Amino acid sequence: MSEATKRKIVTQECVRGEVTLARDQFIVEVITGRGNNLHEVRTETDEITLCSMPPKFRKNVWIKKGDFLIVEKIAEGKKVTCEMVHILYDHHIKALKEDSLWPRAFQKDENDFPKSGDSFTAYRNRNQSADDSGSSSDSSSDSSICGNMNHANRPVVYITESSSDSDDLNTDDKS
């Protein structure tokens, strides 16, 4: 089997595969990548450990901070105590929540996410209007606007509009 075919099969298995938890498997959250196919993960008991990526996943799938994994304990490991079995995508997480297999430690607040019927734009607008009604500051003030922090030495130019600009134009035309 060619390398491209193996990559395709592994990718499809990750994305479309069914997720089940075996007795010796558990869910972890990725904290950071440590190099050499090792990832620092947090268990549901807030224990931080290292997780290894098996060869079938290497150079085929990528994980990042905040992703969730199903891992299996490694008996002989001291620092590296688990090995990745499956990468959890949004639809996998939803299925695990429906089956009541999702750990309570990883539950997010229900208000942080849009409801199933809402579009993201409606959700964002609803939250912005709630934030605006709760604040007592004047929205037209420029105090909340800050300059580009990437270029701190660059001068900030403020442009203000006034009605005297149109008067100055009219006086120039008369002379």
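**Entry 1: the sheet**

I began with strand β3 (residues 48-52) and strand β5 (residues 80-88), which pair in the parallel sense over three bridges. The model I am reading is a predicted one, and I keep that in mind for every value below. At this pairing I looked up cysteine 51, and I found that cysteine 51 stands opposite cysteine 82 in β5. I then followed helix α2 (residues 90-98), which packs on the sheet and touches β1 (25-35), β4 (68-73) and β5; the direction of α2 makes about 100° with that of β5.

Stepping back to the whole sheet, I noted that five strands close into a barrel in the order β1-β2-β3-β5-β4, with mixed pairing. On average, neighbouring strands of this sheet are turned by 55° against each other, when direction is ignored.

**Entry 2: the chain as a whole**

I counted the secondary structure of the chain and arrived at four helices and five strands, which, read along the sequence, follow the pattern α-β-β-β-β-β-α-α-α. Of the 175 residues of the chain, 24% count as buried. I also checked the contacts between residues at least 6 apart in sequence, and 54% of them join residues at least 24 apart.

**Entry 3: glutamate 29**

Is glutamate 29, in strand β1, buried or exposed? I recorded a relative accessible area of 14% for glutamate 29, and because the cut-off for buried is under 20%, this residue counts as buried. Its side chain is joined to that of arginine 42 by a polar contact of 2.3 Å. Leaving out residues up to four places away in sequence, I found that glutamate 29 touches Glu40, Val41, Arg42, Gly66, Asp67, Phe68 and Phe106.

**Entry 4: aromatic rings**

How many aromatic pairs does a search of the whole structure find? The search gave three. For phenylalanine 68 and tryptophan 102, the ring centres are 5.0 Å apart and the planes stand at 75°, so I entered the pair as edge-to-face. Phenylalanine 68 lies in strand β4 and tryptophan 102 in the loop between α2 and α3 (120-134), so this pair ties together parts that are 34 residues apart in sequence. I checked accessibility as well, and both phenylalanine 68 and tryptophan 102 are buried. Phe106, which I had already met as a contact of glutamate 29, forms one aromatic cluster with Phe68 and Trp102.

**Entry 5: nonpolar cores**

Which members of the largest nonpolar core touch the most other members? Of its 16 residues, I found these to be Leu69 and Met84. The elements that give two or more residues to this core are α1, β1, β4 and β5. For methionine 84 I listed the contacts, again not counting residues up to four places away in sequence, and they are Cys51, Ser52, Met53, Pro54, Phe57, Ile63, Leu69, Ile70 and Val71. I noted besides a second, separate core of nine residues, which includes Val19, Ile27, Phe68 and Trp102.

**Entry 6: arginine 16**

My last look was at arginine 16, found in helix α1 (residues 3-16). Arginine 16 has 62% relative accessibility and therefore counts as exposed. I also compared its position with that of histidine 91: the two are 75 residues apart in sequence, while their C-alpha atoms are 9.2 Å apart in space.

Methods. Residues are numbered from 1 along each chain as its sequence is written. This is a predicted model: local features need pLDDT of at least 70, side-chain atom pairs count only at pLDDT 80 or more; totals for chains, interfaces and linings use all residues. Side-chain values use heavy atoms; hydrogens and water are left out. Buried means under 20% relative accessible area, exposed over 50%, partly exposed in between (1.4 Å probe, protein chains only). Two strands pair if DSSP finds at least two bridges between them. Axes are lines fitted to C-alpha atoms, for helices over the stretch in contact, and angles run from 0 to 180 degrees between N-to-C directions. Contact means heavy atoms within 4.5 Å. A polar contact is a pair of N or O atoms within 3.5 Å; within protein, one must be able to donate a hydrogen and the other to accept it, and residues adjacent in sequence count only if both atoms are side-chain atoms. Rings of Phe, Tyr and Trp (its six-membered ring) pair if their centres lie within 6.5 Å; planes under 30 degrees apart count as stacked, over 60 as edge-to-face and the rest as tilted. A nonpolar core is a set of buried Ala, Val, Leu, Ile, Met, Phe, Trp, Tyr and Cys residues joined through side-chain atoms within 4.5 Å.
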